[in-house]
Amino acid sequence: MNTIWTHKGLPVTEVSDMPEDVHGFVYCVKTSDGRKYVGKKTLFSNRKRKFGKKESALITDKRKKLWEIVRKESDWKCYIGSNSELKEVIDSGVDYTKEILHYAFHKKQLSYLENRELYTQMVLEQPDVYYNSNIGGSFFRKDT
């Protein structure tokens with residue numbers, strides 16, 4: 001099975017293989033039976049971590065914050081998609097490829113590029129070609 005991401009035919013195995021300051025990417029997973037799934041993936045997540053008792057005790061200025069933002073790399077290297085049907089097909093042993101279509105440099109651009117790709121490829125009108133069943137949680141295949 002081919003589980004390496006590619007972009008324009010070149011392998012992408014590390015964040016350093018991508019342009020600087022990338023927030024995420026729009027991708028297409030293609031299975032050997034000819035079906036596709038288009039989605040988006042962020043590279044990092046930010047979360048607030050509260051300081052423990054020992055760390056908090058060291059801070060004497062009460063105006064200072066008692067938390068920090070922690071940035072963590074996502075599971076993008078092994079990520080396939082959120083579609084359960086696609087996951088079942090891949091778990092059954094079907095060969096697949098993962099291609100990065102577009103890089104995005106902020107959250108809004110990432111959502112825009114994904115939606116543009118979904119509408120351009122008309123994923124909801126082609127259930128025999130695409131695994132996608134909705135666009136942005138607002139437009140569903142059953143409604144088309």
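Which residues have the most contacts inside the largest nonpolar core? The points below take that up, then turn to two single residues. Keep in mind that this is a predicted model.

1. The largest nonpolar core has 19 residues. Inside this core, M18 and F25 have the most contacts. Three elements give two or more residues to the core: strand β3 (24–31), helix α2 (84–91) and strand β7 (96–104).

2. Look at M18 next. Leaving out residues up to four places away in sequence, M18 touches V12, F25, L43, W76 and Y103. So find F25 in that list: M18 touches F25, and both are named for the most contacts in the core.

3. There is also a second core, separate from the one above. This second core has eleven residues, among them V38, L113, L118 and I135.

4. Now K41. This lysine lies in strand β4, which covers residues 36–42. Is K41 buried or exposed? K41 counts as buried because its relative accessibility is 12%, and the cut-off for buried is under 20%.

5. K41 has a polar partner. Its side chain makes a polar contact with the side chain of D75, at 2.9 Å. Beyond its neighbours within four places in sequence, K41 is in contact with G24, F25, Y27, S74, D75, W76, Y79 and L110.

6. Last, W67. This residue is in strand β6 (residues 67–73). W67 is partly exposed, at 29% relative accessible area. W67 and K50 are 17 residues apart in sequence, yet their C-alpha atoms are 4.2 Å apart in space. Setting aside neighbours within four places in sequence, W67 is in contact with K48, R49, K50 and F51.

Technical notes:
Residues are numbered from 1 along each chain as its sequence is written. This is a predicted model: local features need pLDDT of at least 70, side-chain atom pairs count only at pLDDT 80 or more; totals for chains, interfaces and linings use all residues. Side-chain values use heavy atoms; hydrogens and water are left out. Helices (H or I, at least four residues) and strands (E, at least two) are DSSP runs, numbered from the N terminus. Buried means under 20% relative accessible area, exposed over 50%, partly exposed in between (1.4 Å probe, protein chains only). A polar contact is a pair of N or O atoms within 3.5 Å; within protein, one must be able to donate a hydrogen and the other to accept it, and residues adjacent in sequence count only if both atoms are side-chain atoms. Contact means heavy atoms within 4.5 Å. A nonpolar core is a set of buried Ala, Val, Leu, Ile, Met, Phe, Trp, Tyr and Cys residues joined through side-chain atoms within 4.5 Å.
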